Amino acid sequence: MPHVVTQSCCKDASCVPVCPVNCIHPTPDESGFATGEMLYIDPDVCIDCSACVTACPVSAIVADYDLEVADLPFADINAAYYEEPSHQGYSTTPVVANKRRFELHERGPLRVAVVGSGPAAMYAAEELLTRRGLEVEVDVYERLPVPWGLVRFGVAPDHQLTKSVTKLFAKTGSRRGLFFHFNVEIGTHLTHDELLEHHHAVIYATGAPRDRRLGVPGELLEGSHSANEFVAWYNGHPDFADMSFNFGVERAVVVGTGNVALDVARVLASDIDYLTTTDMADHALEALRYSQIREVVVLGRRGPEHAAYTLSELVGLTNYDVATVPDALSSPDPKTQFLKQVAAQPKSEGRRRIVFRFLSSPLELVEHSGRVRAVRVVRNELVDGDTSPTDDVEEFDCGLVLRSIGNRGIPLSGLPFDQVLGTLPNVAGRVVDSATAEPLVGVYATGWIKRGPSGVIGTNKQCAQESVESLLADFSNGKLRVPSQGRPHLDELIGLRQPSSFGYSGWKAIDAYELKAGREGRRPRRKLVDVSTMVDVALGTCPTR
Ligand code: NAP
């Protein structure tokens, strides 16, 4: 019986080189890998050996006879991939792991600073620390007292399998040669120049934390938030823990049809009993317990065939009451057809509904007493693939609007910035001067600050490999400056600037504390959301321990 790749596929392709018959595609070297939504197992080639199950960092691969009911569609989704003529005739020769594209002339010691501790940062650190024949030290700087960036603060709390990729990052975190500096902000406690005094190179993996703007009147009214704020709030991000959202209304409107839009719509439509089995922050559970929301309208400015969400995330709505305008569902593409199937399911009395409205753009958020009262929406036509507004305008009463239209990077002090893309300008991860396009010595980028906010967790593995490849080539060719200061000076400086910084053992203490609290409440974890409590637990000064 074949194995099947399911929803939590992170696409980091750890499964590919362990497959003895090369039945998992697209591989990183095949066209379609960069843009593909997930990986797929060819049921006609799979020999059911389970090697991929062990290699998968997020438990996404399951034997077809073991599929949960909600994951059954993935058997067809995997098989359908190989029905496409362009996906046939793959070689069955195993892919060789760990190709090393060039020999190092210089073997170290090399000292690299990585700014950020999300997936992009951790894949870069892993790539450096596992490079054969290289003596390397990697210092990871994280402004918060807790690691893993968007895996902790972005991935939805009901996607615990996706979050299990942190086991991979924890392995990297424990490697010899890796030094964590939690609670240390670059730009506040240390400058970019100071990093370069202590390291041959700096890799920025700072993500894309700024929200894109809709640019319609009323966008910033009370009751209108970016979906990213809502996500950070329910995931217990300390900077967002004090926010409040209006759940005392019948309808919420989500703008955009990306995976973040689906996450927030699903969370708003979920039963509280389901959410309490997750690691959602306590304050969010408490607030959502009393939610009056009955309907979540998701607005897509184009058609369902253009929706930015992935098919695997749409499959996650199978257990929800979903509705849409049926005549919008004529396109034969898999996402539209799956939506049609989900929307046709019988509805349950009293359950919250998720309603997709395609070809619909917000014109204005309408105010009442300083708060959002409704969204005025125009119906679009598609002209040569672009949206063109019609005269058809309607109003959706609502008291909560979540704008889920993507992110941008934030400029970093002393570094160039591409204002259009919201990224560090770079060529293959080498940050370049905006005017001359010349690489800045020792400065690299990876992840969303390098390529913009696209892809899934594992996309950052290939992205990090490219940046590290550039860095090592520069090191090998003598293009990096030798740091003028050593580790004792660095430790002294950090101790002076941020006395409450700490290393990996501090995070392990927080992790153990949260896991224990979670076990007591039969939940995967109960997150700390207050920075000073986190620091107390990390440094062993917490009175309740
Ligand atoms: P996204 O995938 O870029 O989607 C943005 C959405 O906003 C699109 O539907 C876009 O429509 C729409 N939009 C943009 N500007 C708009 C405007 N002015 N008016 C109306 N709609 C507008 O962004 P995201 O959902 O934030 O996701 C970011 C990345 O994280 C993606 O790669 C996503 O796959 C990933 N992610 C993955 C998961 C997962 O794997 N489970 C979960 C969350 C996020 P158009 O298509 O028409 O531009």
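A polar contact is a pair of N or O atoms within 3.5 Å, and a side-chain contact of this kind joins N259 to the ligand, where a polar side-chain atom of N259 lies 3.0 Å from a ligand oxygen atom. The model described here is a predicted one, and the points below take up the surroundings of the ligand, then the aromatic pairs, and finally a strand hairpin.

**Around the ligand**

- The ligand is surrounded by 21 residues, of which T257, N259, R301, R302 and G455 come nearest.
- Sorted by class, this shell consists of eight nonpolar, eight polar and five charged residues, and the element that gives the most to it is helix α9 (residues 259–269), with three residues.
- Backbone atoms also approach the ligand: a polar backbone atom of G455 is 2.9 Å from a ligand oxygen atom, while for V260 a backbone N or O atom lies 3.1 Å from an oxygen atom of the ligand.
- On its own the ligand has 930 Å² of accessible area, and the protein covers 78% of it.

**Aromatic pairs**

- Across the whole structure, a search finds 19 aromatic pairs.
- In one of these pairs, the ring centres of Y82 and Y90 are 6.2 Å apart and the ring planes stand at 80°, so the pair counts as edge-to-face, given that planes over 60 degrees apart are placed in that class.
- Y82 is buried because its relative accessible area is 8%, which is under the 20% limit, whereas Y90, with 22% relative accessibility, counts as partly exposed.
- The rings of W148 and W507 also form an edge-to-face pair, because their planes lie at 85°, with the centres 6.3 Å apart.
- This second pair links distant parts of the chain, since W148 belongs to the loop between β6 (136–142) and α4 (149–153) and W507 to helix α17 (residues 504–520), with 359 residues separating the two.
- W148 and W507 are both buried, and ring pairs link them into a cluster with Y123, F169, F180, F182, F502 and Y504.

**A strand hairpin**

- Strand β15 (residues 360–368) and strand β16 (residues 371–383) run antiparallel and are joined by eight bridges.
- Within this pairing, S361 stands opposite V378, a residue of β16.
- Two residues lie between the strands of the hairpin, and S369 takes a positive phi near 50° there.

How values were computed: Residues are numbered from 1 along each chain as its sequence is written. This is a predicted model: local features need pLDDT of at least 70, side-chain atom pairs count only at pLDDT 80 or more; totals for chains, interfaces and linings use all residues. Side-chain values use heavy atoms; hydrogens and water are left out. Two strands pair if DSSP finds at least two bridges between them. Helices (H or I, at least four residues) and strands (E, at least two) are DSSP runs, numbered from the N terminus. A residue is near a molecule or strand if one of its heavy atoms lies within 4 Å of it. A polar contact is a pair of N or O atoms within 3.5 Å; within protein, one must be able to donate a hydrogen and the other to accept it, and residues adjacent in sequence count only if both atoms are side-chain atoms. Accessible areas come from the Shrake-Rupley method with a 1.4 Å probe; for residues, only the protein chains shown count as cover. Ala, Val, Leu, Ile, Met, Phe, Trp, Tyr, Cys and Pro count as nonpolar, Asp, Glu, Lys and Arg as charged, and the others, Gly among them, as polar. Rings of Phe, Tyr and Trp (its six-membered ring) pair if their centres lie within 6.5 Å; planes under 30 degrees apart count as stacked, over 60 as edge-to-face and the rest as tilted. Buried means under 20% relative accessible area, exposed over 50%, partly exposed in between (1.4 Å probe, protein chains only).
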